[in-house]
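This report describes how the chains of one model are arranged, how they meet, and which local features deserve attention. The sequence and the structure are shown first.

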Amino acid sequence: MKKDRTGNFFEDFRVGMKIRHATPRTLTEGDRSLYIGLTGSRAAFCTAETNALQLGFERRPLEDMQVFNTAFGKTVPDISLNAVANLGYAEVHFLSHVYPGDTLAVETEVIGLKENSSRKSGVVYVRSTARNQFNREVLSWVRWVMVHKRDHAAACGEAVVPATQPVVPPDRLRRGDYTARVREITTLTCIEDLWDDYVAGERIDHPGAMTINDSDHSIATRLYQNTARAHFDGHAMASGGGHRLVYGGHIISVCRALAYDGLENGLSILAINGGSHVNPTHAGDTVACATMVLDKVDVGQPHVGGLRLRMIGVKNTDAASIAFPAPGEGKAGHPSNVVLDLDYTIAMPKRRQ
Amino acid sequence: MKKDRTGNFFEDFRVGMKIRHATPRTLTEGDRSLYIGLTGSRAAFCTAETNALQLGFERRPLEDMQVFNTAFGKTVPDISLNAVANLGYAEVHFLSHVYPGDTLAVETEVIGLKENSSRKSGVVYVRSTARNQFNREVLSWVRWVMVHKRDHAAACGEAVVPATQPVVPPDRLRRGDYTARVREITTLTCIEDLWDDYVAGERIDHPGAMTINDSDHSIATRLYQNTARAHFDGHAMASGGGHRLVYGGHIISVCRALAYDGLENGLSILAINGGSHVNPTHAGDTVACATMVLDKVDVGQPHVGGLRLRMIGVKNTDAASIAFPAPGEGKAGHPSNVVLDLDYTIAMPKRRQ
Amino acid sequence: MKKDRTGNFFEDFRVGMKIRHATPRTLTEGDRSLYIGLTGSRAAFCTAETNALQLGFERRPLEDMQVFNTAFGKTVPDISLNAVANLGYAEVHFLSHVYPGDTLAVETEVIGLKENSSRKSGVVYVRSTARNQFNREVLSWVRWVMVHKRDHAAACGEAVVPATQPVVPPDRLRRGDYTARVREITTLTCIEDLWDDYVAGERIDHPGAMTINDSDHSIATRLYQNTARAHFDGHAMASGGGHRLVYGGHIISVCRALAYDGLENGLSILAINGGSHVNPTHAGDTVACATMVLDKVDVGQPHVGGLRLRMIGVKNTDAASIAFPAPGEGKAGHPSNVVLDLDYTIAMPKRRQ
């Protein structure tokens, strides 16, 4: 009869396991308002109903990172309730826009397992998929997370480490949504820079910065119904000599909102190619970010192009101080004030040829 | 012409007085989103439109504690603006579901008065009733609250202490809403435990814990349009050597959200039989809770049964450390870290016979 | 290719310049919920759908200060990103009610410029106008703001200081909306005081007080998509030896919500005749306010009259301690705990003649 839910530990996972997550969630205009209030997002496409109509859409979608964080939250009770740290993302595919009233249901498959040499924990690799109420895939992603073992002595079998693609291939990017009208975004943002005006190697220091307080991140994380203890249980964190951690997905949302300035005519996120939360963020930290244009991508559409961007978020320093490590140098190349290193691809209108 | 509104003091109340409260309030999907953001609620019934449809409802209702806190807030300017403390609840009847777009209007009758021996304050007993826009009773409750006297010398008459029922009788529970489809909740929560799987005397330690910050509780309490000074006026509280108090109804909401784990297939609250805010909660406190199943109740419906539960909330300690006092032992039996002792009844689907 | 957006500095403005602001914004019921959660507003007209219907409206509008703050926020990236301080308001005309689903687009004209004698900054005078999706003017306002110069040596031309009217004239007040049914507001607020019951010179000390925390004001300010650094960048503010400032528009909203008690039957704001944020507010400050009735105004309508009010907001002291300076004495007459001095006009139902 025991009903104390303790979540899965490392030894509870098996490669190939499929997990349906509780419970489906409907997103609404109320969730959108709260997302703006918590992140300060100004994305033109999502900020006004008339903007979406002008850009050739019937309605304004919800922001991609709100969808991601909501879907991610669903996986936490089963995957990462006993996590030490969320280590990285790959192959994050944004496949369909999500609109207020849509309901997301999420499933996960375990695609890899690797016990740590300490035998106290291991890395779980999962691919999760969110579908809407029409059973259409709207988002899928791979993440790997370090999870405690319940019993350090438990046997855990051979390591299976899945291969992930360094960049999401074009055929896994959302398509067909964009008409010639997307170019009208310049009349909404009052900024003329389009896809054609960006070059690989270009750097943008976003001017804003955002101090994050405990209620900011904990309201956001509760909104996503994410139950990870490290974000909520200040008593337990203090017992360990620490403080509550800001949910990494909130950091991505805040940086994405700050990155509006300089990327105003971006439409949607097409993919997150990879990323990691390099160092933790705590309440009181001020986050800033800078973007490097990594590549200009042909996404097979006449009216929009892809911009592959590297966004680095820092705490308690200026965007101008950010050093972009060489590609592939990764986490080891970052100083301790770097909190996010994200490689992602957005859609942006092209000029008329 | 003086328009300084100072609220009612103890000597302003008379047994039998009826008070209409300002002003009716419409609840919306925006309020729901904020409720999830402030409490982390994951109740399956209320989390997705598709969930409610699957369970045989036309729409998803708002959560019961959101309805309770909104209705309660309406009574504060007239009943408890000059309160010392909210002492207890009884006979809290949840009679109809409330849906986004519904409007609540609230009235109160004074049913008892008892001056304290100090003559500085007294206990006011009230029964309040919330009705929707169709004048249908959706909620009623009894509470008693200690209220300051304006003039310590004022004469206050004989004490009248109303008798309240220790358990809400079945004929005051919401009925007729639940069809055989409610059993499908197990496919949403991915948890198989139904009414049949709980036994009286069973204890559940809910695994989560929630640190509450000032903005968390004050946003919630403002959302309920509750104006009690103790929650908002930090300057006055500091003048008295203290800090703002977290509104007790927010503590119930947070504990109810934490109690999802282990009671996943619960549908709605049918009644609060009794309860008290045993000790105050302040910003920075971390709340956890445990539940004891007190009784399994026949609610006269084929598809759902009632579970009478005792939920004890604590601050800055683990759920596992909670000691359940013997029934009736009450507040005196609680250590100083207990913040809530609530006796309530929920509906849960029964297995097919 | 440089895309570092640094905003306009004093020398970038020219009298007569017109600026369209990014981007139009749709307001929803979600925004209304958050506004109630952040301010505690209880305005009868806006709190329930049934209230608006009873008062003769087809729907309940959004609150005027929510509309103002949203429209104001749109102007920040172009006008006040490099502001030292927002100095004052005049000629704030509330011309049409705004309803959930409406979209606001905002334009600004520079109407005056005056370099400071230090040559490090100057005052920019602007008139901004918000229109809805039908291109109907819903709000216009004049403000003046002190803005840094990028280059202290830049030449700035002759000072142009626009004349503004000390009181908004009746022909710029919203009209025609109110029927005889507005008198029914007394049945909603349970308060009998109408326009006829107020007299010029009458003072109302509002009983509530509100402590403002960092998440409260920063969520509000993000909701308005206001990007002024002083509200968000705690790291930069600390570098200067200070703390984040509470956005002044949030202070107006909070004071307006506190002013419910004593002005319960007020309907809408018709105009802000003038106002200034006399001293800054920071997280942890507790705000209270008092109102002086300055004048009773004939607004040319049979069922409502105008009340011209002076609302003074203070921090960390009681409303009763507020001294109202003689009219025109202005900021110099205020002690350091005064944070707001606002001269505004509201509509209130008149008794049947």
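## Symmetry of the chains

A turn of 120° with a shift of 0.0 Å along the axis lays chain B on chain A, with an RMSD of 0.0 Å. The model is a predicted one. In chain B, the C-alpha nearest the axis belongs to B:G30, at 2.2 Å from it. The two copies use different surfaces, since 13% of the contact residues of chain B recur in chain A.

Chain C can likewise be laid on chain B by a turn of 120° and a shift of 0.0 Å along the axis, with an RMSD of 0.0 Å. This is the relation of a three-fold axis. In chain C, the C-alpha nearest the axis is that of C:G30, 2.2 Å from it. Only 13% of the interface residues of chain C are also interface residues in chain B, so these copies meet through different surfaces.

## Interfaces between the chains

In the contact between chains B and A, 39 residues of chain B meet 33 residues of chain A. The elements of chain B that give two or more residues to this side are α1 (29-39), α2 (44-47), α3 (49-54), α5 (185-189), β7 (203-205), β8 (210-211) and α6 (214-223). The largest share, 9 residues, comes from α1(B). By class, the side of chain B that touches chain A has 12 nonpolar, 16 polar and 11 charged residues.

For chains C and B, 39 residues of chain C are in contact with 33 residues of chain B. On the side of chain C that touches chain B, two or more residues come from each of α1 (29-39), α2 (44-47), α3 (49-54), α5 (185-189), β7 (203-205), β8 (210-211) and α6 (214-223) of chain C. The helix α1(C) provides the largest share of that side, 9 residues. The classes on the side of chain C that touches chain B are 12 nonpolar, 16 polar and 11 charged residues.

## Helix α1 of chain A

What is the state of helix α1 (residues 29-39) of chain A, buried or exposed? In this helix 11 of the 11 residues are buried, so helix α1 of chain A is largely enclosed by the rest of the structure. Among the buried residues of α1(A) are A:G30, A:R32, A:Y35 and A:L38. Within chain A, the buried residues of α1(A) pack against α4 (64-79), α6 (214-223) and α9 (248-258). Their partners in other chains are α1 of chain B together with α1 and α6 of chain C. Just after α1(A), A:G40 takes a positive phi of about 75°.

## The nonpolar core

The largest nonpolar core has 320 residues. Those with the most contacts inside this core are A:V124, A:C289, B:V124, B:C289, C:V124 and C:C289. Leaving aside residues up to four places away in sequence, B:V124 touches B:F10, B:F13, B:I79, B:V110, B:L113, B:W144, B:V145 and B:V147.

## Local features in loops

Backbone angles in several places merit inspection.

| Site | Angle |
|---|---|
| B:A22 to B:T23, cis peptide bond | omega near -25° |
| B:N135, not a glycine | positive phi of about 65° |
| C:Q225, not a glycine | positive phi near 55° |

B:T23 lies in the loop between β1 (18-20) and β2 (25-26) of chain B. B:N135 is found in the loop between β5 (121-131) and β6 (137-148) of chain B. With 7 C-beta neighbours inside 10 Å, B:N135 counts as exposed, because the limit for an exposed residue is 12 or fewer. C:Q225 is placed in the loop between α6 and α7 (229-232) of chain C. C:Q225 has 23 C-beta neighbours inside 10 Å and therefore counts as buried, the threshold being 20 or more.

A further loop residue, A:A180, is located between β6 (137-148) and α5 (185-189) of chain A. A:A180 is exposed, with 12 other C-beta atoms within 10 Å. The C-alpha atoms of A:A180 and A:V15 are separated by 45 Å, and the two residues are 165 residues apart along the chain.

Notes:
Residues numbered from 1 in each chain as written. Chains lettered and ligands numbered in written order. Predicted model: local features only at pLDDT ≥ 70, side-chain atom pairs only at ≥ 80, totals over all residues. Contact = placed C-beta atoms within 7 Å. Helix = DSSP H or I, 4+ residues; strand = E, 2+ residues; numbered from the N terminus. Nonpolar A, V, L, I, M, F, W, Y, C, P; charged D, E, K, R; others polar. Least-squares fit on C-alpha atoms with pLDDT ≥ 70 in both. Core = buried A, V, L, I, M, F, W, Y, C linked by C-beta atoms within 7 Å.
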